Protein chains: 2
Amino acid sequence: MSIQHAILGFLSWKPHTGYELKKVFADSLSFHWSGNNNQIYGTLIKLHQEGLVTNEVVYQDKYPARKVYTVTPKGLETLRAWLGSEPELPELRNAFHIQLAWADLLGDPELYALLGRYESALETRLLMARETTRRGRPSPNRSRREAFLWRSIEENHLGHLESELAWARGVREGLGNLRYDPAREGSK
Amino acid sequence: MSIQHAILGFLSWKPHTGYELKKVFADSLSFHWSGNNNQIYGTLIKLHQEGLVTNEVVYQDKYPARKVYTVTPKGLETLRAWLGSEPELPELRNAFHIQLAWADLLGDPELYALLGRYESALETRLLMARETTRRGRPSPNRSRREAFLWRSIEENHLGHLESELAWARGVREGLGNLRYDPAREGSK
DNA sequence: CAAAGCATGTAAGCAGTTACATGATTGT
DNA sequence: ACAATCATGTAACTGCTTACATGCTTTG
């Protein structure tokens, strides 16, 4: 999986310039790429060489020329083939889990503080994500089915953040219970 | 976040060879790296150059010599500093979500099939993960607190898989309801 | 006798990131 | 005056992956 298919997807919705794609990625929840120049423009050039997209240069007098990219039939075919291909499982890479795995090296106050910072980072992100969802950016809505899929993906995203937050709070509670549990060995 | 801290963590538990680390990563749930040679051996060499680990070569007559790596005080300090540093948020990159985002290009049967394959891949992974958890590989257990943290991380992992599976099933159900909903526009 | 395990390492490449480079225009 | 927006592109780097390379030993 690479950003290539995501770009083809957006172009299958409607033509975009690199600059527009950049913004779409930058403020999307579910399309998780940073939307950096190198990747967007580089991928568009590569897709163009492979004949999966074409571009039309639109000159403007007040602003730089725009390259409007459109997907070709071959590009659509490539996208459709990918859509039908074997789905990948989510990666579940969470750097915080590694931090927590070795956090017994920390004292209780530091461990609590670490969990606390993770929780508040999650809270902030959740608020932003909810706000983004509430505002609802433009998204393809070509059928009830498509709208449902996009809504489902957004809900999945929010759900993951919520369950991660609930889990973190649970860990902190569990640590508290551990402290007052009579069956414990020497305190750290 | 890189594998460097994960390796320092394991060495803070007890000395390991590269070969051992490789296996630890390969069959761990929460340490999500593939455990490939280049990364393990390369990182160990780099850590050694930086003085964060030392190694002792143990010759064997039947097998190749082993390099047993031990963390240095400087390495422990580095690890502890990282543990106290700002936690990263999970990345939530799910290639399947991108596939689903553009899946309106597929017909109903293909879309169902795609969801079905995602579900069964998740089911398989869940079974393997539960089995791995049940068997319980050796893990640091230096305090009740550490055992609790490791258990929590494992539960988080299983929880994510379970909720993803539940979500996927929900999406499939929702699609079914959509089909029989009178308020729909032209069927795809 | 072939496959898997023990054990270390290197080469080549992909995907993604930040930062650099240019230059007019519009908003504060 | 300064920053942000419009718009495209390049350079340098990090992290991670697969595959290659070697060679002895144990298991099936």
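A residue counts as exposed when its relative accessible area is over 50%, and as buried when that area is under 20%. In this predicted model, Asn38(A) and Gln49(A) of helix H3(A) are exposed, whereas Ile40(A), Thr43(A), Leu44(A) and Leu47(A) of that helix are buried. The points below take up helix H3(A) and then the surroundings of DNA strand C and DNA strand D.

**Helix H3 of chain A**

- The 13 residues of H3(A) should span 18 Å at 1.5 Å a residue, and the end C-alpha atoms are indeed 18 Å apart, which agrees with that expectation.
- The buried set in H3(A) consists of Ile40(A), Thr43(A), Leu44(A) and Leu47(A); seen down the helix axis, these buried residues fall within an arc of 100 degrees, so they line one face of the helix.
- An α-helix has 3.6 residues a turn, so residues three or four places apart point the same way.
- The buried residues of H3(A) pack against helix H1 (3–13), helix H2 (18–26), strand S2 (53–58) and strand S3 (66–71) of chain A, while Asn38(A) and Gln49(A) are on the other side of H3(A).
- Just after H3(A), Gly51(A) takes a positive phi of about 75 degrees.

**Surroundings of DNA strand C**

- Of the 24 residues around DNA strand C, those that come nearest are Trp33(A), Gln39(A), Asn37(B), Asn38(B) and Lys67(B).
- Helix H3 of chain A and, from chain B, helix H2, helix H3 and strand S3 each supply at least two residues of the surface near this strand, which by class has nine nonpolar, ten polar and five charged residues.
- Among the atoms of DNA strand C within 4 Å of the protein, 59% belong to sugar or phosphate, and the rest belong to bases.
- Phosphate oxygens of DNA strand C lie 2.9 Å from a side-chain N or O atom of Asn36(A) and 3.2 Å from a polar side-chain atom of Arg66(B), whereas a backbone N or O atom of Ala65(B) is 3.4 Å from a sugar or linking oxygen of the strand.

**Surroundings of DNA strand D**

- Asn37(A), Asn38(A), Lys67(A), Trp33(B) and Lys62(B) come nearest of the 24 residues around DNA strand D.
- H2, H3 and S3 of chain A, together with H3 of chain B, each supply at least two residues of the surface near DNA strand D.
- Of the atoms of DNA strand D within 4 Å of the protein, 63% are from sugar or phosphate and the rest from bases.
- A backbone N or O atom of Tyr19(A) lies 2.9 Å from a phosphate oxygen of DNA strand D, and a polar side-chain atom of Arg93(A) lies 3.4 Å from a phosphate oxygen of the strand.

Definitions and conventions:
Residues numbered from 1 in each chain as written. Chains lettered and ligands numbered in written order. Predicted model: local features only at pLDDT ≥ 70, side-chain atom pairs only at ≥ 80, totals over all residues. Heavy atoms only, no water. Near = heavy atom within 4 Å. Polar contact = N/O pair within 3.5 Å; in protein donor to acceptor, adjacent residues only side chain to side chain. Helix = DSSP H or I, 4+ residues; strand = E, 2+ residues; numbered from the N terminus. Nonpolar A, V, L, I, M, F, W, Y, C, P; charged D, E, K, R; others polar. Expected span 1.5 Å × (residues − 1). Buried < 20%, exposed > 50% of the residue type's maximum accessible area, 1.4 Å probe, protein only. Arc of directions from axis to C-beta. Contact = heavy atoms within 4.5 Å.
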